[in-house]
Amino acid sequence: MHATRPTRRLRAALAALTGAALAATLAVAAGHAPSAAADTRPPDVGAPVTVSSDPLPTVQIDGVVWTQTVVGDTVYAGGDFDTARPAGNAPGVGTVPRHNLLAYSISTGVLVSSFVPDLDGPVRALVAAPDGRTLYVGGQFTRANGQSRSRLAAYDLTTGQLSTTWRPTTDNTVAALTVRPGVVYAGGSFSSANGTGRARLAAFDTAGGLLPWNPSADSRVNAMVATPDGARVVVAGAFTHLGGVAAYGMAAVHPATGALLPWAAALRVRNAGDAASILSLRTDGTHVYGSGYTYGGGGNLEGAFSATQDGTLRWVEDCHGDTYDVFPGPTAVYVAGHPHECANIGAFPETTPRTHHRMLAFGRDPSGRTALKEQGTYQNWEGTPVPALLPWYPEPEAGTFTGQSQAAWSVSGNADYVVMGGEFPKVNNRAQQGLVRFALPHLAPNRFGARVSGTALNPVLSSFDAGRVRVAWTADWDTDNEQLTYRVVRDGGTTVCTLTRRSTFWSRPPTGCTDAGLTPGSTHTYRLTVTDPWGNAVTSGTVSATVSGSGTGGAYSREVLADGAGDYWRLGEGSGATGYDWAGGRDLSLGSGVTRGAVGALGGTDRASTFDGTSNARAGLTVAATAPSVFSAEAWVRTTSATGGAVLEWNTASSGTGSKPDRAVYLTDGGRVAFSVNAGTRRTITSPTGVADGRWHHVVASLGPDGMRLHVDGALVASNPAVTRATSVWGYWRVGGGTVSGLPSAPSSAWFRGSLDEVAVYDRVLPAETVLRHQQLATGDTTPPPPPPPPGVLAADEFERTVASGFGSADTGGGWTVVGSGASVGVGRGRMVLGQSGAQVTATLPTVAGTAVDAVVDASIDRAATGSGPALSLVGRRVGSADYRARVRWGADGAVTLTTVRVSGGETTLRSVPVAGLTAAPGDVLRVRLQVTGTAPTTVRARVWRAGATEPTTWAAESTDATAGLQQAGGVGLVGYLPGSATGTPLTVAVDHLSVVAP
């Protein structure tokens, strides 16, 4: 939805779409036959190459181009215009007549002088015959080259002449065309074709005869495409019914009979009615692509989508802002429109005032999933596969011809070029009206470099340590390269540092480096040069600084910097509201509740900052960026608080509460350290012991290819190897406070109370030996750390803690979520008190272990129950409210029954067996083991034996299942249950020694 479009004028035209009222309104396209960064020199090996953003000289027009198609080396462009002129010519200079249709060379941009069509009304649709010899034209015209042609015409591309034999007619606008051998399909706003009733859809043979094909749409058709296999014709527009059958904005029909065919994408992409529609459809010979708009209601997509030729939705790019046309090139998918916000797919956010990006490129295949909708009333596409937005950002100027303040309406191309058409007067501030070409880099000049230069690029100099100057700047950006190289030169000749960093127009992170070994009191000048991969360079002005003679970073800070910290906030130096970043330029803005001067973690003269536990006690970045997907976050923590709080988090808001923390290191009320990331679902690992003892503790949380890892005081205390990436979100690092709502074992306070020191963030995973070296360097303690949890341990809990209500946090695997009353932990066991018949207590962990889980738990009951006995279930794969589990039931006579169960909208017994030779009295401990492995089908198998006895070698219950929705990774848990027929309450089920590993 877009508050400034369509205007009232455009909406009226959309509703009517008839005759001259359609002129200069809305473009529609005729049908035509992970996350690596792609640009003209991709920084990632194997990433595809986009066309350059250099606008190549192209013939110009004096109106608007609505549609284009490419045949060999020739681009055919149709629209609403009267003249053409060479590239570089001002309006009115060197013009030749070209009424609404022209042709030019895609390789030179020069007008084809031998093709001189002349149509008396706008051209809305173009498509070439499969053999490339005939161009079919649709629109609002009634005459072509002086002859009567009612909205349809054909040109012989070998001669350039109007066909005298293909002369079908419609009584109103033709806005869409597609072809199959021997058949031309047309769609638009007409009600008859060749004098016979045809509601907005018709088909003709190559002689111009009307065919029986008659799907009959109840509102306008904007786009059509024949699927590559020839089995379907996909039609799209604003209709809600075809042939009286519900079909909302898009549908597939039989190419011969016109009967509706299955097209699953139409069940997800829903644009129709007066305020929404699908505007374009294209195919690349393998898949189908489309785009649309919605305004105020009636639709759910303003971006583009891709589907297989049988209609299965492949991806959706959920950018907000109408998308008029889409072209699937060989290496990228290009769109024309006016997107203004792509934050849901991890790209540029909304701005005030609103900024439109009228030409964009996306990856051809999905590379991630859409994040939760955060803005307005837009559709929530959360979890839908999405392609990457690629670094290609030409800047066309909005035109005035249609009165809609738009630029590009149409996009097409071939293997080497992308061509845009519309009403823009300039591209990248270069005069180029209505048409423009872009080429792959081997054919392009590649002369557009970084965009910011001169004094706007000046670095900021700071000297807060003896003999050192920090040189900081905001990253530059380039219209077709993500990776730029920065070189800092001191005093006109000495290179201080050379850095290579990635950036985009919306993500320009502060960065920098430190010039060390300088004489205190001396003054030096600095200049910054930014170079793109093609050698295009821009330079800042010259700035100067005087070197400080006081302060010392010491051996610890030198080690942190040498180990590659991207951000390093020491939190002890200086005064005022700035927390300097010693590694770069991303300084923190400190709240009034942060006080300098506390004794630091490094001892001696080192100082830290104290946070007072209120909302004023926070430090945050003020410049947003994209969250790191691989990182280590390091901090020294000292507190005695019993209310926990956030230590460091990545948040979608720079201050306040209410925004979700997608990466968070925090303390629970018990003082345990928790590390949580949003990986589509929340995943958390927690330290087994607390740190709220008034001493300094070293904390390092990492996310990377080996999973989540949490180190405390140099030792690995928790891990989850199954979680290797977090969602891509736009936001800020915040220190000392933020948002804790929704976090497992969320603390009472979001705001940390205590002291923090030496906070650092790295764009890599710190090796265990580096973490230990930092801890030992600060403390001088060389005692070896305790051994880490065994490899492959996903969750573990010895229940050696006291929790009055709930289970608290597991030793490994995060915080327990408990549903039902009666759960507690004490005396080395977890307890589920079942107070009455029918009572149930469910405890789950967020741990996800791929699709292979081997889980073991000890269980016992404190008293016998008559009737159906109590049960304990061990859950091995939980997805939403569905799961696979093994259930042990104690009979009143001591008999033990083992059952494997699927829960999905109800319970289904997979396998149930009495366990021969095993009985259990109250107090006897049984050990339950469950394995859940594989997908489609999943194997579920379980066994149970008396704890301390030899484990059986065979599985007592084993089965397979392929229920949809459970063929994926899931969580683990425990369920205590007392059937409604049982008596003898209250009854307690106790659990202990939980272990979950990846087999």
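So, S28 and S29: these two strands run antiparallel, and five bridges join them. This is a predicted model, by the way, so please hear everything I say in that light. The two strands make a hairpin, with four residues between them. If you want a spot to click on, take Pro328, whose bridge partner in S29 is Val333. Now, is S28 buried or exposed? Strand S28 covers residues 323-328, and six of its six residues are buried, so the rest of the structure largely encloses that strand.

Stay with S29 for a second, because I want to follow the chain onwards. S29 is residues 333-337, and the loop between it and strand S30, at 359-362, holds Pro353. Have a look at the peptide bond going into that proline: from Thr352 to Pro353 it's cis, with omega near 0°. There's another cis bond further along, between Ala936 and Pro937, and there omega is about 15°. Where does Pro937 sit? It's in a loop as well, the one between strand S73 (926-933) and strand S74 (938-946).

Quick reminder on backbone geometry: most peptide bonds are trans, and most residues other than glycine have a negative phi. With that in mind, go to Arg151. Its phi is near 70°, which is positive, and it's not a glycine. You'll find Arg151 in the loop between strand S10 (147-148) and strand S11 (152-156). Arg151 comes out at 16% relative accessibility, and the cut-off for buried is under 20%, so Arg151 counts as buried.

Phe799 is another one of these. Phi is about 55° there, so again a positive value in a residue that isn't glycine. Phe799 is in the loop that links strand S63, residues 793-797, with S64. Its relative accessibility is 0%, so Phe799 counts as buried.

S64 takes us to the sheet. How many strands are in it, and in what order? There are seven, the sheet is open, and the order reads S64-S67-S76-S69-S70-S71-S72, with antiparallel pairing. S64, at 817-819, is one edge strand, and S72, at 907-919, is the other, each of them pairing on one side only. Going from one strand to the next, the twist averages 15°. At the S64 edge, the partner is strand S67, residues 840-845, and the two pair in the antiparallel sense over three bridges. To find the register on screen, use Thr817, which stands opposite Thr844 in S67.

Last stop, a pair of helices. For packed helices, the description comes down to the angle between the axes and the distance between them. Here we've got H3, residues 554-562, and H4, residues 768-779; their axes come within 9 Å and cross at roughly 165°. Anything over 145 degrees goes down as roughly antiparallel, and that's therefore what we call H3 and H4. The crossing of these two helices is left-handed.

Which residues meet there? From H3 you have Ala555, Tyr556, Glu559 and Val560, and they meet Arg773, His774, Leu777 and Ala778 from H4. By class, that contact has five nonpolar residues, one polar and two charged.

That's my tour, so let's put the model back on screen and talk.

Technical notes
Residues are numbered from 1 along each chain as its sequence is written. This is a predicted model: local features need pLDDT of at least 70, side-chain atom pairs count only at pLDDT 80 or more; totals for chains, interfaces and linings use all residues. Side-chain values use heavy atoms; hydrogens and water are left out. Axes are lines fitted to C-alpha atoms, for helices over the stretch in contact, and angles run from 0 to 180 degrees between N-to-C directions. Angles under 35 degrees count as roughly parallel, over 145 as roughly antiparallel, 65 to 115 as roughly perpendicular and the rest as oblique. A crossing is left-handed if the near helix is turned anticlockwise from the far one by less than a right angle, and right-handed if clockwise. Contact means heavy atoms within 4.5 Å. Ala, Val, Leu, Ile, Met, Phe, Trp, Tyr, Cys and Pro count as nonpolar, Asp, Glu, Lys and Arg as charged, and the others, Gly among them, as polar. Two strands pair if DSSP finds at least two bridges between them. Buried means under 20% relative accessible area, exposed over 50%, partly exposed in between (1.4 Å probe, protein chains only).
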